[in-house]
Amino acid sequence: MNTLSIVISDTPIRQDSAGRYCLNDLHKAAGGHQKHRPRYWLETQQAQELIEELTVGGIPSTEQNQPLKVLQGGNVQGTFVSKELVYAYAMWISPKFHLQVIRAYDALVAAPIQSKPFHLDKPISLSQFAEYHEAINAAKADLKSATVFITGEECASLGLHNVLAGAKRRQEEQFRVMDVIIQMELEGKPRHEIVQATGKTFNNVRQVIWQARRDGLLPKEGQA
């Protein structure tokens, strides 16, 4: 579980032991309106299909890898969901809140980079160098899917500051373009206007819209 907390509109978003995020806290951060209660969203077809899609896969099912968990009793209570469901719930509330959540999560990912740099001031053995080299390759591979979480000291010692900063910038731009495409599609804008506004190809735009429909961020065709 990540030890850093996401904070949205001055509301800390709790996590359970598996790293899932509390929908009740997100509901509070979004204004706490009755119509936006998590249970209403969880009853939608889009939410149900997304949960089913996240549950399907070759990985054996365990409590830790479930996309949704309701905790009752004890010190931690509420409905906790995976990051994918957090994004979908936020988009269901509004594009504005969706963007707030994305930026808050980006800030969480970037926070360790701001830690005090760590410098290697002693010679290292060949075996240690091999470990560093292996760690660098693994971290770079993880960055492609934005799933790596390392401390500022590890980042500096592995020489990954520039790699992480570049990945963060690319991720921010991807999210920004995705939001523009989804919003314009919701407004019924022609595809050529979306292409002009984003600088993306027709294939790029079509792929984003297809993924958004699959993830429940846009109504499925024929349901609009």
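In the predicted model, three strands assemble into an open sheet with the order β3-β5-β4 and antiparallel pairing. The edges of this sheet are formed by β3 (21–22) and β4 (68–71), each of which pairs on one side only. Helix α4 packs on the sheet and touches β3, β4 and β5, and its direction makes about 110° with that of β5.

The pairing of β3 with strand β5 (residues 78–81) is antiparallel and extends over 2 bridges. Within this pairing, Cys22 has Phe80 of β5 as its bridge partner, and Tyr21 stands opposite Val81. On the other side, β4 and β5 pair in the antiparallel sense over 4 bridges, with Leu71 of β4 lying opposite Gly78 of β5. The hairpin of β4 and β5 has 6 residues between the strands, and Gly73 in this hairpin adopts a positive phi near 80°.

The residues of β5 project in two directions: Gly78 and Phe80 point one way, whereas Thr79 and Val81 point the other way. All of these β5 residues are buried. The bridge partners of β5 thus include Cys22, opposite Phe80, and Leu71, opposite Gly78.

Helix α4 is itself largely enclosed by the rest of the structure, because 8 of its 11 residues are buried. The buried positions are Leu85, Val86, Tyr87, Ala88, Tyr89, Ala90, Met91 and Ile93. In soluble globular proteins, nonpolar side chains tend to be buried together. The largest nonpolar core of the model has 40 residues, and those with the most contacts inside it are Ile6, Ile8, Leu26, Trp41, Phe97 and Val101. Helix α4 (residues 83–93) supplies the largest share of this core, 8 residues. Leu26 illustrates how the core is connected: leaving aside residues up to four places away in sequence, Leu26 touches Ile8, Ile13, Val86, Tyr89, Phe97 and Val101. Two of these partners, Val86 and Tyr89, are among the buried residues of α4.

A search of the whole structure finds 6 salt bridges. In one of them, the side chains of Arg14 and Asp25 meet at 2.9 Å, N to O. This pair links distant parts of the chain, with Arg14 in the loop between β2 (11–13) and β3 and Asp25 in helix α1 (residues 23–29), 11 residues apart. The two partners differ in exposure: Arg14 has a relative accessible area of 34% and is therefore partly exposed, whereas Asp25, at 10% relative accessibility, counts as buried.

A further salt bridge joins the side chains of Arg20 and Asp16 at 2.7 Å, N to O. Here Arg20 is buried, with a relative accessible area of 4%, and Asp16 is likewise buried, with a relative accessible area of 4%. The salt bridge between Arg39 and Glu43 has its closest N and O atoms 3.6 Å apart. In this pair, Arg39 counts as partly exposed at 40% relative accessibility, while Glu43 is exposed, with a relative accessible area of 56%. Salt bridges also link Glu185, Arg191 and Arg213 in a network.

Considered as a whole, the protein has 10 helices and 5 strands. Of its 224 residues, 34% count as buried. Among contacts with a separation of 6 or more, 54% are accounted for by residues 24 or more positions apart. The accessible surface of the protein comes to about 13,800 Å², of which carbon and sulfur atoms contribute 52%.

Conventions:
Residues are numbered from 1 along each chain as its sequence is written. This is a predicted model: local features need pLDDT of at least 70, side-chain atom pairs count only at pLDDT 80 or more; totals for chains, interfaces and linings use all residues. Side-chain values use heavy atoms; hydrogens and water are left out. Buried means under 20% relative accessible area, exposed over 50%, partly exposed in between (1.4 Å probe, protein chains only). Contact means heavy atoms within 4.5 Å. Accessible areas come from the Shrake-Rupley method with a 1.4 Å probe; for residues, only the protein chains shown count as cover. A nonpolar core is a set of buried Ala, Val, Leu, Ile, Met, Phe, Trp, Tyr and Cys residues joined through side-chain atoms within 4.5 Å. Two strands pair if DSSP finds at least two bridges between them. Axes are lines fitted to C-alpha atoms, for helices over the stretch in contact, and angles run from 0 to 180 degrees between N-to-C directions. A salt bridge is a side-chain nitrogen of Lys or Arg within 4 Å of a carboxyl oxygen of Asp or Glu.
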